[in-house]
There are 2 protein chains.
Amino acid sequence: MRATYATKPREQVSAVLRREKRYLSAAEIHAILRKSRTNVSLSTVYRTLDLLAGKGQASARVDERGETTFVVCDQSHHHHAVCNGCGKVEDVSCEAIESVAHALRSHHGFKLADHEMEFFGTCGACR
Amino acid sequence: MRATYATKPREQVSAVLRREKRYLSAAEIHAILRKSRTNVSLSTVYRTLDLLAGKGQASARVDERGETTFVVCDQSHHHHAVCNGCGKVEDVSCEAIESVAHALRSHHGFKLADHEMEFFGTCGACR
DNA sequence: CCTAATTTGCGAATGATTTGCAAAATCATT
DNA sequence: AATGATTTTGCAAATCATTCGCAAATTAGG
């Protein structure tokens, strides 16, 4: 069995994600850490992000420039509301999906198994 | 002003997308064309896909391996139902989003501007 | 068929991500 | 707090999808 060590570099990478609460690429996280004189190699940033995503503690998305970006999020099923202003991401539950599942079944003969949603707009703080 | 020529390679790339109706990467399209002894360079496949996506005639998604894949779709706002069995993609309209927008506003103070949804399940033919 | 404009194909360049490996850090036990 | 087994780190090199430069080929229109 493979153990997982709690190391300083890993904690520093997650700390950035927890503090920022917005989608960040490995390079951005690396840059943020350097600014605060915290040296974590880019490789380790990548490895830590994969680890967090694997544990479901972070979720990934590819931005328009083709870079993979990550946010912290809880492990239950949910969706993200991304603010166009500050970039902050809020977790959103999905009750509304039941009616969509029914419509897919009756109009398309499609049996829904899973779904992904993402919302973009303006958060309370930015309004 | 920039004119757009209707060329044989472009037509061949779109023909593959129209025939397959599922998410395909540039490399996959290139391979499919080669099998039918149709030689279109990989660069041209990429360029044509960008063109179609730009015109809204195809939509892109990044798969788990990190490759960008494309499907044909209509230009109006809609979502995709992807079959886990055959991979075929169906366009789905979104009426259900109104209630979601309202919930986001009242529960999160979030003003919805745009959204993305993707559905996964089993299509009529595969059941 | 001519000419100008656009596109193609090739190979080289790019840029994000991964990987190999030796050195450093972590953990559970003395 | 020292030991030893295991995991992680950092670096540089390798990978791999995608982009780019440019000469040759194709297209649109008169």
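## Tour of the A–B interface

Select strand E6 (residues 111–122) of chain A together with E6(B): 11 bridges join the two strands, which run antiparallel. Strands here are DSSP runs of at least two residues (E), helices are runs of at least four (H or I), and both are numbered from the N terminus. Two strands count as paired if DSSP finds at least two bridges between them. This is a predicted model, in which local features need pLDDT of at least 70 and side-chain atom pairs count only at pLDDT 80 or more, while totals for chains, interfaces and linings use all residues. Residues are numbered from 1 along each chain as its sequence is written, chains are lettered from A and ligands numbered from 1 in the order in which they are written, and side-chain values use heavy atoms, with hydrogens and water left out.

Stay on this strand pair and pick A:Phe119. Opposite A:Phe119 stands B:His115 in E6(B).

**The whole interface.** Now show both chains. On chain B, 33 residues are in contact with 33 residues of chain A (heavy atoms within 4.5 Å). Together the two chains bury about 2,500 Å², 60% of it on carbon and sulfur atoms. That area is the accessible area (1.4 Å probe) lost on putting the two parts together, summed over both.

Colour the side of chain B that touches chain A by element. Strand E2 (58–62), strand E4 (79–83), strand E5 (89–92), helix H4 (97–108) and strand E6 (111–122) of chain B each give two or more residues. E6(B) gives the most, with 12 residues.

Recolour by class. This side of chain B has 16 nonpolar, 8 polar and 9 charged residues. Nonpolar means Ala, Val, Leu, Ile, Met, Phe, Trp, Tyr, Cys and Pro; charged means Asp, Glu, Lys and Arg; the others, Gly among them, are polar.

**The symmetry.** Lay chain B on chain A. The fit has an RMSD of 0.1 Å, by a turn of 179° and a shift of 0.0 Å along the axis. That is the relation of a two-fold axis. Select B:Met117: its C-alpha is the nearest to the axis in chain B, 2.1 Å from it. Superposition is by least squares on C-alpha atoms of residues with pLDDT of at least 70 in both copies. The copies meet through the same surface, because 100% of the interface residues of chain B are also interface residues in chain A.

**A sheet in chain A.** Last stop: an open sheet of 3 strands, ordered E1-E3-E2, with antiparallel pairing. Strand E1 (24–25) and strand E2 (58–62) of chain A stand at the edges, each with a single partner strand, so one side of each has no neighbour in the sheet. Zoom in on A:Ser25, which stands opposite A:Thr69 in E3(A).
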